[in-house]
Structures are given as C-alpha cells and as structure tokens.
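Hi everyone, thanks for coming. Please have a look at the structure on the screen, and I'll walk you through a few spots.

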Amino acid sequence: MENQLIINGKRSDGRGPTDLRPLKIDVGIIKNAAGSSYIEHGKNKIIVAIYGPKDSHRYGMNLEKATLRCRYHMSPFSTEERKNPQPSRREIEISKVIRDALEPSLILENFPKTMIDIFVEVLQSDGGSRSASITAASVALADAGIPMKDLVEAVAVGKVNGTLVVDLNDIEDKEGEADMPVAFMLNENKITLLQMDGKMTVEEFKAGLMMAMEAAKKIKEIQKEALLKKYSHDENKK
Ligand code: ADP
C-alpha cells in the first residue's frame, strides 16, 4: 500500500500544500570569498562561496565573457547514511544544472577572459537541495558584485498521494508520485531550470508551475531581505 504522506490535508511535517518549509538566508559568511551565503531551507543546510572573476589564461578560454563553473558537493555527513566522498554522477549533474540555472541571470560579458567559481557545500541535506543551492548561489553572486538582470530562486513542486504540493521534503521527494524543480527569473518572466521526476498530467503541470511561481515570489522577498540586511549593516559600520 502507498505510504500516507497527507492526512486530513496536512503533510508529514504539518504543512498545507502551498506552504514553504522554514527558510533563512545569511549573506557574507566566508571572508576569503568574493561573495558568500548560508541557507537553511527545511533541513537543508548549505554554504555557497563565490571566487572571481579572476583572470584566466587557459587554452580555450572564452574571449567574449566570463566562464562560469560550479561544484555542488554533499559532505559525507550530510545524509543519514555516510555518503561516499567521491564526486557522484548525481553531484556532477547537479553542478551543471545549478550553473545553467544561474548563467542566464548574469552579465558575463563584463568580464571577458575570466573565470567565476561557484562552490556549493551541502552540510545537511533534505529534499530539494538543488533548488536551495540555486536560491543561495544567486544571493552569493549578488554579494560578490557580479552584475545581474535578476535574482534566481528555485523551488520544487510535486505530487504526493494525488495532491499537488510545493517545496517537497525528503520523504515527499523520495516517495511522492512526481517531483519538479523549477528556477525563475521573476522580473524577466523566465524559467531557467525545469526538471521532472515522475508523472503529472498536463493540467497538474500547469497548476504546479503556478504554485511554484507563487512560492518563488516569497523566496525572492527573503533573498532581498538577506542582501539588504548585510548591506545596511555594512553601511552602518562606516
Ligand atoms: P534534491 O536534493 O535536489 O531533491 P535528489 O532528488 O537527487 O536531489 O535527492 C533527494 C534527496 O536524497 C537529497 O536531498 C538527499 O537528502 C538524498 N540523497 C541524495 N543523494 C544521497 C546519497 N548519496 N546518500 C544518501 N542520501 C542521498
């Protein structure tokens, strides 16, 4: 029998279908980095550090714009069972997905022949670590002063016991019928990541996308508050 993950309209962690998990972002936590952030999204705890733009003379370097690189890494103690410290296929894929979700937001033409590195360290993982990483990395890139058209925020929407729910936790991610992470540039009306694991009808897909967009609006407010907090604090120190 299918596991009952929604009882009387409440999810396993007490949320309703459109509620986000608790979300907190801090900016500027790694002093050696050009920009950095720390996110707690549900039980996810993730640090992002940005290095660059730095000059690069590597063969094949892009002469027109900065080259964006990303490394997503889950620490061996981030999951209940010790994770193999070697980079897995999943980590290589998620590194690429995060980079591709962020690249359209950045004005990389300002920095030809340079390299920008995004390091993502997952200290503790819940479901949706790729989405939380994108949300945090966009803030860290802003902290690094990389010019951007818009912040990027990401959240998953999915189907659990036949009900559409937003921001899936670990058990919903693993046992639900569908999981669809989406990243938005809301001001530009653009989607920069859309993945789908499982099945949804076309109607569910459309409704799910709208749910994800509403959640992304709330996430964007928290991103902006985190940046304002850091920079108004720095301003007061002068
Ligand atoms: P996301 O974290 O973006 O939802 P997945 O759907 O691939 O990515 O993974 C779902 C969750 O499964 C992760 O957040 C993590 O909690 C868990 N997980 C992923 N890889 C491992 C692993 N190697 N060992 C144990 N748990 C893992």
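Let's start in helix α4, which covers residues 202-237. E221 and K224 both sit in this helix, three residues apart, and that is about one turn of the helix. Keep in mind that we are looking at a predicted model. The side chains of E221 and K224 meet in a salt bridge, at 3.5 Å from N to O. In general, side chains of opposite charge can pair when their charged atoms come close.

Are these two buried or exposed, or something in between? E221 has 42% relative accessibility, so this residue counts as partly exposed. K224 is at 36%, so K224 counts as partly exposed too.

There is also a network to find: salt bridges that share partners join R11, D13, R15, R21, D126, D167 and E172 together. How many salt bridges does the structure hold? The answer is 22.

Here is another one of them: K24 and D26 meet through their side chains, at 3.8 Å from N to O. K24 has 40% relative accessibility and therefore counts as partly exposed. D26 has 23%, so D26 is partly exposed as well; the cut-off for buried is under 20%.

Now compare that with D117 and R69, whose side chains form a salt bridge at 2.8 Å, N to O. What does this pair tie together? D117 lies in strand β7 and R69 lies in strand β6, residues 67-74, so the salt bridge links parts that are 48 residues apart in sequence. D117 has a relative accessibility of 6%, so D117 counts as buried. Its partner R69, with a relative accessible area of 31%, is partly exposed.

Strand β7 brings us to the strands. β7 covers residues 114-124 and runs antiparallel to β5, with nine bridges joining the two. If you want one pair to look for, I47 has E121 in β7 as its bridge partner.

On to β4, residues 35-41, and β5, residues 44-55: which way do they run? They are antiparallel, and seven bridges join them. One bridge to find pairs H41 with N44 in β5. β4 and β5 form a hairpin, with two residues between them. In that turn, G42 has a positive phi of about 60 degrees.

One last general point while you rotate the view: in a regular strand, the side chains alternate between the two faces of the sheet. Thanks for listening, and I'm happy to take questions!

Conventions: Residues numbered from 1 in each chain as written. Predicted model: local features only at pLDDT ≥ 70, side-chain atom pairs only at ≥ 80, totals over all residues. Heavy atoms only, no water. Pairing = 2+ DSSP bridges. Helix = DSSP H or I, 4+ residues; strand = E, 2+ residues; numbered from the N terminus. Salt bridge = Lys/Arg side-chain N within 4 Å of Asp/Glu carboxyl O. Buried < 20%, exposed > 50% of the residue type's maximum accessible area, 1.4 Å probe, protein only.
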